[in-house]
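I opened this model to look up a loop residue, a helix and a nonpolar core. My entries follow in that order.

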Amino acid sequence: MVSQASSPSLLEALSSDFLACKICLEQLRAPKTLPCLHTYCQDCLAQLAEDGHLRCPECRETVPVPPAGVAAFKTNFFVNGLLDLVRARAGGDLRAGKPACALCPLMGGTSAGGPATARCLDCADDLCQACADGHRCTRQTHTHRVVDLVGYRAGWYDEEARERQAAQCPQHPGEALRFLCQPCSQLLCRECRLDPHLDHPCMPLAEAVRARRPGLEELLAGVDKNLAELEAARMVEKEALAQLREQAARVGTQVEEAAEGVLRALLAQKKEVLGQLRAHVEAAEEAARERLGELESREQVARAAAAFARRVLGLGREAEILSLEGAIAQRLRQLQDCPWMPGPAPCLLPQLELYPGLLDKNCHLLWLSFEKQQPQKDSGKDGAGSQGGEETENQREDEAKTERQSRVQPQSKGGAQTPKEDRAQTPQEDGAQTPKLERAQTPKEDRAQTPQEDVEAQTQRGSRSNKKRKFKGRFKSVSREPSPAPGPNLEGSGLLPRPIFSCSFPTRMPGDKRSPRITGLCPFGPREILVADEQNRALKRFSLNGDYKGTVPVPEGCSPCSVAALQGAVAFSAGARLYLISPDGEVQWRRALSLSQASHAVAAMPSGDRVAVSVSGHVEVYNMEGSLATRFIPGGKANRGLRALVFLTTSPQGNFVGSDWQQNSVVVCDGLGQVIGEYGGPGLHGCQPGSVSVDKKGYIFLTLREVNKVVILDPKGSLLGDFLTAYHGLEKPRVTTIVDGRYLVVSLSNGTIHIFRVRSPDS
């Protein structure tokens, strides 16, 4: 059984990084293969061994170290053969320092040998022209393949050299491995076979390979089948994730529309109730003014008659009193018999009744239900599928409606029904069962109403029921099951910083020859940012309003990658160098960095007089004079070779925050490299952590480019929740920075910059 996958070519194996150690990033030396089939240098594995075990840096599998040490791991003869071929091809320069003939010194020629012009693929020796001609004519070597040295160095004969190459015995130099000991499964040379394996059954290597190749190919075919299944599962997972994002966007739009509809309905009810309240007060004031006028008139008449009678009784003589006694008595009797009050004044005090569920902390106006993804049906059954889907959806809505009605019941504090529920409902009220948000209620509502009042009440309730039907329709479109209770984080509790969109602007300027590729951002003065455009080899200045302020000149040929602003200077990385320049572009110093990392992240210290740069898993800090101030590995020397900080920033508290692509985590450490916190949980959605920024309170903003998100972590690296998502206009965010401690600047892959103000929860 032959494997379905195509076999790699020898040229690919020689030209790729297959022969490079993933630990030291150099060419393999004494390659040793782990049980997981990953190959590393013997010395590099010795550094990783601890307590009789080591972890593979690539697959993280724990491997026990043999009692004899890492040297007892299997020697990778396959890699050794490729390395020998590479070394032979790179064994000198044909123009300067030409290789010498290997046979001339043995045949009594010149001591150094003549210049080599050919190579024997069987002997692996460089030959001069005379020795090459003689090599082809001798009885023992006339079958050897002698080729032109220039073509050999160019790789024309790699396949032939590989076929004629023999693996050398590690215990007997100069002896080729020729046999396989079957009981010991060990490769032997002629000397090895004559010593301890003399009585063991052995097979020639070619015969042993022919016998064992079918079994290996069958196992390889099984793995290829598993790979195909894994690839199919990965595609299904990606499709499910895409469907989830699409549905989430759709539901998010529904939530926004439903919330706006609820707010509009609530504001309409507010306007209606306030209008009713004003009309009631105005009518009551008008009636009160009429009654007050009548009372004041009667009071004035009575007061005048009483004053006249009191003067007559106090100042009149007997004859005068008796002469007026009849008229005064008649008038006073008339005033006394006249009713003083025009009747009991109706005093209807307005009261507000809220639906009890709104005051309940467990009341959810918007619910989410999480359902299993339905498998897609054949295209020929689309009609039936759509009809069945509609029936299922209607049935699901009915069940949700029944559950909501059973869960939410308006009750009084004592558990009994309200007085309005005791009396018979009108037909209009029967048709509107949604809860009232606001309603004016009189204290004498339970008394018997007159027929006229009953008709007016029914008319008002009928108009309200129509509004409630519309309001009920808005609720029905967004009804969902209750969402799961939030975890211990602060997401959704209102205690997280919130984004407020400020502005957005492009960074492509008229003089740019290419589309911008923003690889670095940093604050540059008050309300200003510095943008590193690697594609156009420029450091551009913009205000937070998007106004272009010019550029900071960079040395010719430099493509700035990461950038940081210091006191009166700008630091940036370009290739494998760190530059410090003045604002007018004068280079103050440059430092060479390790070539093992494609890009180096740069961050300014809070004091503004030092700059930090990530180099091959550790952090180096330089002062303004260019001297190395400190150097550390997050987590100490035990993590040597286990870190790869691709993004780096500092916090106002003096801590370092980095995105570790090797551990796939966000690590927070102090100035000595002591790890304060590290997060690599499911909140990263399986993505590699991207750019990091820290605000003035220590909150960490982490970019997840693959899922179009910026998440927020606390100062110790614990995930709190999402800060920005695709709903905020994020599309492949690249790098971020914090300006003035309260503005988050986000750059997108298309060169656009979004500005968000970070609103703290206590503002």
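I took helices (H or I, at least four residues) and strands (E, at least two) as DSSP runs, numbered from the N terminus. This is a predicted model: local features need pLDDT of at least 70, side-chain atom pairs count only at pLDDT 80 or more, and totals for chains, interfaces and linings use all residues. Residues are numbered from 1 along each chain as its sequence is written, and side-chain values use heavy atoms, with hydrogens and water left out.

**Loop residue.** I found Ser599 in the loop between strand S22 (587-592) and strand S23 (602-604). Is Ser599 buried, partly exposed or exposed? Its relative accessibility is 26%, so I logged Ser599 as partly exposed. The cut-offs are under 20% relative accessible area for buried and over 50% for exposed, with partly exposed in between (1.4 Å probe, protein chains only). From Ser599 to Ser614 I count 15 residues in sequence and 8.8 Å in space, C-alpha to C-alpha.

**Helix H9.** I checked the span of H9 (residues 318-337) next. Its 20 residues should span 28 Å at 1.5 Å a residue (1.5 Å times one less than the number of residues). The end C-alpha atoms lie 27 Å apart, which agrees. H9 also has a kink of about 50°, centred on Glu325. That bend is the angle between axes fitted to the seven residues ending there and the seven starting there.

**Contacts of Leu45.** Contact means heavy atoms within 4.5 Å. Leaving aside neighbours within four places in sequence, I listed Lys32, Leu34, Tyr40, Leu54, Val70 and Phe73 as contacts of Leu45.

**Whole chain.** I noted 13 helices and 37 strands. Of the 763 residues, 34% count as buried.
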